[in-house]
Amino acid sequence: QVQLVESGGGLVQAGGSLRLSCAASGRTFSRYVMGWSRQAPGHEREFVAALSPNSGNQYHADSMKGRFTISRDNAKNTVYLQMNSLKPEDTAVYYCAANPQSWYSSTYNHIPAYTYWGQGTQVTVSS
């Protein structure tokens, strides 16, 4: 069982930045594909970004490409989501997730591929 704990959410003004963190338990973190997704009020959950174990492969959703960046520090068992140029439509609960499958054998940008999930952290962007 993998535990994921998110932090870093909050209230920011449009155009501002936030850095979300997700701390994972266990020594197997460095083997996992890690991802972020979000769910906005009245919307279905949307996949945001994914990163392979050695950071050699990454994915960012088109609507967030160039503004959001996923990264990881395997020594700290932590994955990050840097969010810049935030817009009110970015308001959502952001979830960290872990996928124990290989990048090449998993649908890394598909929510059902992820086995373990954090509790979520609220991001609110004001106009």
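Where does S85 lie in this predicted model? S85 is found in the loop that links β8 (78-83) to β9 (92-99). Its backbone is worth a look, since S85 is not a glycine and still has a positive phi of about 50°. With a relative accessibility of 42%, S85 falls between the cut-offs of 20% for buried and 50% for exposed, and it therefore counts as partly exposed.

A second serine, S55, invites a similar look. S55 sits in the loop between β5 (46-51) and β6 (58-60). Here too the residue is not a glycine, yet S55 has a positive phi, of about 65°. The relative accessibility of S55 is 34%, so this serine is counted as partly exposed.

Strand β4 offers another view of the model. β4 covers residues 33-39, and six of its seven residues are buried, which means that the strand is largely enclosed by the rest of the structure. Part of this setting can be followed through the pairing of β4 with other strands. With β9, β4 pairs in the antiparallel sense over seven bridges, and W36 stands opposite C96 of β9. With β5, the pairing of β4 is antiparallel over five bridges, and in this case R38 stands opposite E46 of β5.

The connection between β4 and β5 completes the picture. These two strands form a hairpin, with six residues between them. Within the turn lies G42, which has a positive phi of about 80°. β5 thus belongs to the hairpin with β4 and also leads into the loop that holds S55, while β9, the other antiparallel partner of β4 described here, follows the loop that holds S85.

Terms used
Residues are numbered from 1 along each chain as its sequence is written. This is a predicted model: local features need pLDDT of at least 70, side-chain atom pairs count only at pLDDT 80 or more; totals for chains, interfaces and linings use all residues. Side-chain values use heavy atoms; hydrogens and water are left out. Helices (H or I, at least four residues) and strands (E, at least two) are DSSP runs, numbered from the N terminus. Buried means under 20% relative accessible area, exposed over 50%, partly exposed in between (1.4 Å probe, protein chains only). Two strands pair if DSSP finds at least two bridges between them.
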